[in-house]
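Biologist: Pick one part of this model and take me through it closely, from the backbone pairing to the side chains. I'd like the cut-offs as you go.

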Amino acid sequence: MSAPTPHPSTEGRTPYPVGLLLAGRRVVVVGGGQVAQRRLPALIDSGADLHLISPATTPAVQAMADAGELTWHARPYQDGDLAGAWYVLVSSDDPAVNAAVSAEAERERVFCSRSDDASAATAWTPASGRDAGATVAVLTGDPRHSAALRDAIVGGLRDGSLATRSYRSHGAGVALVGGGPGDPDLITVRGRRLLADADVVVADRLAPRELLAELPEHVEVIDASKIPYGRQMAQEAINRALIEHAQAGKFVVRLKGGDPYVFGRGGEELLACAEAGIPVTVVPGISSSISVPETAGIPVTHRGLTQEFTVVSGHVGPDDPRSVTNWQAVAGMSGTLVLLMAVDKIGAIAAKLVEHGRPADTPVAIVQEGTTAAQRRVDATLGTVATVVEAEAVKPPAVIVVGDVVNVLAAAFRR
Ligand SMILES: C[S@@+](CC[C@H](N)C(=O)[O-])C[C@H]1O[C@@H](n2cnc3c(N)ncnc32)[C@H](O)[C@@H]1O
């Protein structure tokens, strides 16, 4: 048998992909060697009425004939063999025979795949594989490239590293998924898998937007930040949306920025769903409180420098009656202080910390839109931070880090 030649480049003759339903339809294979041996199993699986025309076959092909999986005509090809055929595969080692079959196929308008000369073919066989009911077929114009891509895709499907929408693998319910700090690569593998299975996604403003762009068209995306009403009403509306969609049989992913349980109201949503009898899965996320400083070159702990880090919300100021933070105690700690939602109130917070004993020259770093392309870091001290934030027009979202860790990696992390 002659070695198969590579497919010519698809340039200028883009193949049109199609899945042929061949069950019960006459398919003719000319040549019973190695190529036929490789291609026949898929044709047998298709249920085609398979006719092999070849004076000789490999033992494996003979076994297929013996098993009744195809009809073997043990003779050379002759004109007229394609009568009534829907598809023909040419794989003999005689170029003249192959050309004659091609000519008849052209005349009879039967799509013809040629293993010896792809440029003379009217159909190209893709590199194909199957996993869990899916057929993967790859045509690149280069058989090796096609096979490598096919192997990567089928392998990825099998080992789960390639996230797919596995239909109905999830019953109705809710998953509270931490989306990480903003870079779409920083969601967990589990979070990404569940997202790929979602019927409905209720997304936060800080959830990675790029992940939403990847969702299939039929997935309903609800932008939680656009839900009207005040803060509390909005949360009730979100809870209601989660519950109602789950009750309607949908698998709902609540995609949050960072981690669902770090100032993310994940607990409230879990309780609301539990009360309505909705099953909930919680998928941790990488919290901005640690990762945003990290991507700006700040470790929240460093041996010999700090033995603690404290994460505090600054959404209400220290003198606000709604504040439940013991700012005196926070000021008395020597370790790292990480402030979230604190841009607006940083002046009052810094003043309170200094008032209760934290030195005014304590280093401060503000990291805005961390892990995204727009990330920026602004440095100050507790004494200067209010002025610097205003002068530099720092805007939320930002993580503010207070403590000596701010400069500990400065030598290695100049920006
Ligand atoms: C409502 S809290 C949610 C925190 C989130 N659950 C987490 O674990 O990161 C929102 C605050 O997180 C911080 N934040 C979240 N993503 C950020 C980012 N990419 N860059 C800077 N700060 C961020 C900001 O302080 C923002 O105001």
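Modeller: Here's a walk through one sheet and the packing that goes with it.

Housekeeping: this is a predicted model, with local features needing pLDDT of at least 70 and side-chain atom pairs counting only at pLDDT 80 or more, while totals for chains, interfaces and linings use all residues. Numbering starts from 1 along each chain as its sequence is written, and side-chain values use heavy atoms, with hydrogens and water left out.

The part I've picked is an open sheet of five strands, in the order E13-E14-E17-E15-E16, with mixed pairing. Strands and helices here are DSSP runs numbered from the N terminus (E, at least two residues; H or I, at least four), and two strands pair if DSSP finds at least two bridges between them. At the edges sit E13 (309-313) and E16 (376-381), each pairing on one side only. Going from one strand to the next, the twist averages 20°.

Zoom in on one pair: strand E15 (residues 363-368) and strand E17 (residues 398-402) run antiparallel and are joined by five bridges. In that register, Gln368 stands opposite Ala398 of E17.

Now put a helix on it. H9 (residues 288-295) lies across E13, E14 (336-340), E15 and E17, and runs at about 80° to E17. The axes behind these angles are lines fitted to C-alpha atoms, for helices over the stretch in contact, and angles run from 0 to 180 degrees between N-to-C directions.

Next, the side chains. A nonpolar core is a set of buried Ala, Val, Leu, Ile, Met, Phe, Trp, Tyr and Cys residues joined through side-chain atoms within 4.5 Å, where buried means under 20% relative accessible area with a 1.4 Å probe, protein chains only. The largest such core has 24 residues, and Leu339, Leu353, Ile366, Val385 and Ile400 touch the most other members. Strands E14, E15, E16 and E17 each supply at least two residues, and so do helices H10 (327-332), H11 (346-355) and H12 (385-391). H11 gives the largest share, four residues.

Take Leu339 by itself. Leaving aside residues up to four places away in sequence, Leu339 touches Val312, Trp327, Ile346, Ile349, Ala398, Val399, Ile400 and Val402, with contact meaning heavy atoms within 4.5 Å. Ala398 is thus a name you've met already: it stands opposite Gln368 and also touches Leu339.

Apart from this core lies another, of 17 residues, with Leu40, Leu52, Ala65 and Ala123 among them.

Conventions. Buried < 20%, exposed > 50% of the residue type's maximum accessible area, 1.4 Å probe, protein only.
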